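Reader: Could you take me through the charged side chains here, and show me how each label is earned?

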Amino acid sequence: MARGLMKRTVCAKSIFELWGHGRSSGELYASLKSYPVDKMLPYLQSDSTYKINIHTFNKTLTQAEKIKKIDALEFLPFNGKVNLKNPEHVFWILEDYGMDPNNVPEEPIDLYFGRWIADGQRELIESYSVKKRHFIGNTSMDACLSFIMANHGRVKPNDVVFDPFVGTGGLLISSAHFGAYVCGTDIDYNTIHGLGKASRKNQKWRGPDENIRANLRQYGLEKYYLDALVSDSSKTIWRKGMLFDVIITDPPYGIREATRRTGSQKETVKSAERSTENHIFISSSYHLSDIFFDLLKFAAEYLVMGGRLVYWLPIYRPEYTEEIIPRHPCLKLISNCEQMLSSQTSRRLITMEKVKEFKDQDQNSYSLDGQYMPYKGHNSFREKYFSGVTKRIAKEEKDNQK
């Protein structure tokens, strides 16, 4: 189970079976001596090989200091042979010297000794880094957060994962890495087709092969790519029925990407001819509250039973309460995690699970249960966000003049 967890997580570095812990070397040794010998013996047999590593947090030890600390563990009944290159069992001494690099104590605050079980997937953050990605946009999701979202969605092989605000497809990549088939929609024709101005510094226009498919090809994941369509998420294009195992998305907040939907403010459909084959609708503003309730309604209707919706919800922190999180009778709130954006704003990673079949009477349920009104106040999130930015700039200028 531990190894299975570590095959997915990008948050944890390593996992160990703890054999001893103390606030000092003496406490650690006493703790190790009290650890049941029968639990140690399977890993200390004479026909086995092992090595001991030492890792310090917030301090660097010399090789001589490390060897001295390892030699001090000679009271443990190690009967196997030391093998530094390819040992069967690896043990670690972990020493914690606190969090302040300017005030490092002489002795560690905590010491741990344990058997290494597995490493996490931290290397995925670097190997899937947006900096090295072929096709990016203004709001391409950080690789670490993309994998966290895929884990919250419990994405597994052969799932069908959908992103209704797909952008450059960053969230599709993490799901495809775990073996899911991926697809998405976006209202922006240029983004879906990889046209127009580039987001990368020192590049004016996007190249001929800058698109979502090329991103998945870059990581050897093209076989999991279904398609990306130009579509308005508020006006569904899908046939009735449960289609998706997971919906993972990062809707626009109106900061770096505009919140838009097709149609004029009066909801009269006006079209502008793009070419002989394609046309686009005139877009109108799309309130944040409407974006999220449309998203919940879509998830309630198109997720399979037990399927998950994972999305980011922007929050103005001074006004935040749990009551403003949009709800739907078909969806159960699983988790609500915060990522700070500034002192005044943050975004919440919301995970919901479908627990009830969608019925026609659930179409506009949010307007009946009182959940819609509290969140409508956050339609002004953009104004509040930039109000904080303006105040911070003014304060910095005032401080510089002193």
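Author: Let us start with a definition: buried means under 20% relative accessible area, exposed means over 50%, and partly exposed lies in between, with a 1.4 Å probe and protein chains only. This is a predicted model, in which local features need pLDDT of at least 70 and side-chain atom pairs count only at pLDDT 80 or more, while totals for chains, interfaces and linings use all residues. Residues are numbered from 1 along each chain as its sequence is written, and side-chain values use heavy atoms, with hydrogens and water left out.

Reader: Why is Arg115 called buried?

Author: Its relative accessibility is 10%, and the limit for buried is under 20%, so Arg115 counts as buried.

Reader: What makes Arg115 and Glu17 a salt bridge?

Author: The term asks for a side-chain nitrogen of Lys or Arg within 4 Å of a carboxyl oxygen of Asp or Glu; the closest N and O atoms of Arg115 and Glu17 are 3.3 Å apart, so the pair fits the definition. Arg115 lies in strand S5 (residues 110-119) and Glu17 in strand S1 (residues 14-22), 98 residues apart, where strands (E, at least two residues) are DSSP runs numbered from the N terminus.

Reader: Why does Glu17 count as buried, partly exposed or exposed?

Author: Glu17 has 26% relative accessibility, which is between the limits of 20% and 50%, and therefore Glu17 counts as partly exposed.

Reader: How do you know that Glu126 and Lys132 meet in a salt bridge?

Author: Their N to O distance is 2.9 Å, and the definition asks for within 4 Å, so this pair qualifies too.

Key
Helices (H or I, at least four residues) and strands (E, at least two) are DSSP runs, numbered from the N terminus.
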